[in-house]
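Morning, everyone. Let me put the structure up, and then I'll walk through a few features.

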Amino acid sequence: MMETLGYFATSWTDPYLLLITALGTFAGIYIGAIPGLSVTMAASILISFTFKWDVNEALALIVGVYVGGVYGGARTAILLNIPGAPSAIATALDGYPLAKKGLAGEAIGLSTVMSVMGGLVGVLALALAAPLIADFAIKFTSRDYMLLGIIGILLVGTLSGESFAKGAFAGALGVMIGMIGLDPMTAETRFTYGSINLMGGVPFVVAMIGFFGVAQALVQLEHIDTAPIKQKVSRIIPAWSDVRRYLGLGLKSSGLGTMIGALPGTGGDIAALLAYDQAKRSTKNPDVPFGEGAKEGLIAPETANNAAVGGAFVPMLTLGIPGDAVTAIIIGALYIHGLKPGPLLLSDTPHLFWFIVGNLTLANLFLLVFGLTGIRIFTKVVECPRAILIPLIIILSAVGAYAIQNNPVHITWALAFGVIGYFLIRYGFQVGPIILGVILGPMIDANYRRAMIGAQEDIGTFLYDLLSNPISLVLTCALVLMFLNQLPFVKNRKRRADQRV
Amino acid sequence: MKTPDTLRPGERLFALLLVLFAGYAFWESYEISGFAGLTTGGVMPMLASGVMGVTALFILKDALRSPRAPDASPAGVIAYLFPLRVVLFTLLVGLFVAVIPSLGFLPASGGLLFVSIWALWRKGPVWALVLSLLSVGAIYVLFRVVFQVVLPLGSLWR
């Protein structure tokens with residue numbers, strides 16, 4: 001027990017590790033918040049110059065950036081309606097309307113406290129229930145991952161935008177973009193048109209920068225003469241009554257976020273969307289409708305995406321399967337340091353497991369400090385005239401797109417996606433489903449083909465498998481329900497029922 | 001913008017273009033491996049483009065049923081989609097991308113920032129120059145020094 005506590009407290013008692021964790025968390029908040037920068041990009045760049053460091057130092061920095069970055073993405077989602085990361089897409093739905101009402105400080109304060117709560121619940125789950133959650137996640141088959149991916153894309157399609165058809169179209173477009181390049185199973189070219197650059201595929205960060213950064217910048221050009229939103233940041237520390245009121249929702253979303261985060265291949269993005277959807281369904285009479293600044297719509301995704309961080313470490317540390325893109329990078333870091341993540345990691349190197357648990361806890365505490373003290377300065381960003389902000393967003397988007405692989409062609413792609421995104425936004429499409437499609441498309445493709453191979457390429461067997469396995473059945477039912485919910489007569493019935501209430 | 005039931009200028013044409021694009025995407029997907037099997041590389045692209053096609057038809061159907069936009073003339077569509085400011089700024093960004101290989105990233109960024117801030121903010125060239133230089137300096141420190149990103153240098157300076 002004392003030995004475990006010692007491992008847990010390694011980064012708490014070593015001043016150098018303490019400093020690195022603090023720096024990582026602080027930098028992560030701003031990396032996550034700056035449009036065009038992503039925590040995945042930062043983590044991958046950090047790997048390249050920390051591989052000579054001691055493993056604890058490298059992990060302390062990357063864990064800090066990860067925790068800070070997942071939270072930081074929410075800030076631009078709230079202040080600029082530009083999610084800094086896919087996990088903040090749902091945050092923008094209610095966070096930005098709150099900022100428009102002059103409640104940016106309160107929204108960020110509340111999201112900070114709830115993010116930390118979610119993060120700590122995730123770490124607790126990692127520490128206490130890792131073997132159990134890993135046991136559950138390992139039961140998922142290829143078809144379950146495929147279903148989960150489709151649900152993730154459709155969920156964002158139904159949650160945002162003016163019609164289900166537009167959301168589904170955008171999601172499918174994203175899947176198509178995700179298919180560009182060499183087929184990972186057969187090395188067949190798909191939509192490359194003979195271009196060597198396209199053979200490597202479209203990095204999702206490039207698409208994200210284009211559709212969110214550049215497209216939003218072009219759309220905002222129309223509003224360049226309007227006065228910048230003066231954010232009211234009089235109350236940074238959220239009211240205790242608010243925290244107490246939303247504690248139940250926060251805990252529920254944290255649990256959901258941890259579970260989703262623990263599923264390999266899924267991460268904070270799906271966790272946040274599912275939590276938002278869950279909050280929308282379970283909150284009968286919100287003070288403000290969802291999509292117009294409901295605090296529930298801010299709290300649910302924010303607690304869930306930070307809880308997913310702890311969850312994402314579960315399959316990584318126990319099975320060697322990354323929970324999301326950043327944990328995939330951390331696996332690379334562990335390999336560089338001669339460690340092999342997997343079932344033996346816990347028994348062979350318990351100090352490493354408990355160091356990560358302790359470091360995640362520490363990073364969450366730093367998050368609380370930096371999150372609540374930096375709001376006033378940060379909100380000044382949106383008071384910056386758009387005439388300055390828009391060209392800067394373009395430059396940051398360009399450098400962000402370039403930095404992923406040091407490839408200048410990616411700048412052109414990001415700008416092209418930006419122009420396409422501009423037209424889509426002008427006609428009422430949301431770009432969130434496109435990004436999720438790009439990210440989840442390859443995962444859906446690979447898992448569909450594995451599942452179909454498992455069914456000996458027989459559609460009947462494939463459909464039977466979907467309905468005969470309990471997990472697949474639950475996911476299939478969820479998918480069918482999502483479609484049924486969009487049928488006109490179901491929608492009309494629900495509308496009439498709401499009016500009666 | 002639009003009221004819930006009226007169309008935006010050019011929305012029907014856009015919906016039609018989406019249907020055509022989805023059809024083209026399906027054809028391109030089919031070209032990958034045809035209907036050779038259920039696990040070939042073309043199956044998922046065909047499924048995705050098929051979803052695009054079906055949803056695009058629904059979008060077109062909705063667009064045809066909704067009342068026309070108040071200003072659906074070609075001039076109205078151009079005014080809605082291509083405001084002069086957006087067109088000029090996009091061209092400027094295109095020029096920025098085009099000159100990066102010769103000028104290098106930082107000088108090209110400085111140029112884009114200077115011209116666009118001067119034109120959009122209208123506070124005079126001095127303010128635009130100061131802000132551009134400060135921004136380029138910050139970008140250099142953040143990306144070149146902190147993140148060690150090797151920014152494109154430009155053939156003119158080699």
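I'll take a helix pair, then the domains, then one residue.

This is a predicted model: local features need pLDDT of at least 70, side-chain atom pairs count only at pLDDT 80 or more, and totals for chains, interfaces and linings use all residues. Residues are numbered from 1 along each chain as its sequence is written, chains are lettered from A and ligands numbered from 1 in the order in which they are written, and side-chain values use heavy atoms, without hydrogens and water.

Helix pair. Two packed helices are described by the angle between their axes and the distance between the axes. Here we have helix 9 of chain A, residues 164-179, and helix 2 of chain B, residues 43-65. Their axes come within 8 Å and cross at roughly 155°. So the two helices, helix 9 of chain A and helix 2 of chain B, are roughly antiparallel (angles over 145 degrees). The crossing is left-handed. Residues that meet there include Phe169(A) and Met176(A) from helix 9 of chain A, and Met52(B) and Phe58(B) from helix 2 of chain B. The residues of this contact divide into 16 nonpolar, two polar and one charged.

Domains. Chain B is assigned domain 1 (11-81) and domain 2 (84-157). Their centres, taken over C-alpha atoms, are 36 Å apart.

Last, Gln216(A). Buried or exposed? Gln216(A) is buried, with a relative accessible area of 14% (buried means under 20%, with a 1.4 Å probe and protein chains only). Gln216(A) lies in helix 11 of chain A, residues 204-220. Leaving aside neighbours within four places in sequence, Gln216(A) contacts Asn81(A), Ile82(A), Phe211(A) and Ile425(A) (contact means heavy atoms within 4.5 Å).

Key: Axes fitted to C-alpha atoms, helices over the stretch in contact; angles between N-to-C directions. Helix = DSSP H or I, 4+ residues; strand = E, 2+ residues; numbered from the N terminus. Parallel < 35°, antiparallel > 145°, perpendicular 65-115°, else oblique. Left-handed = near helix turned anticlockwise from the far one by under 90°. Nonpolar A, V, L, I, M, F, W, Y, C, P; charged D, E, K, R; others polar. Domains from an automatic or database assignment. Buried < 20%, exposed > 50% of the residue type's maximum accessible area, 1.4 Å probe, protein only.
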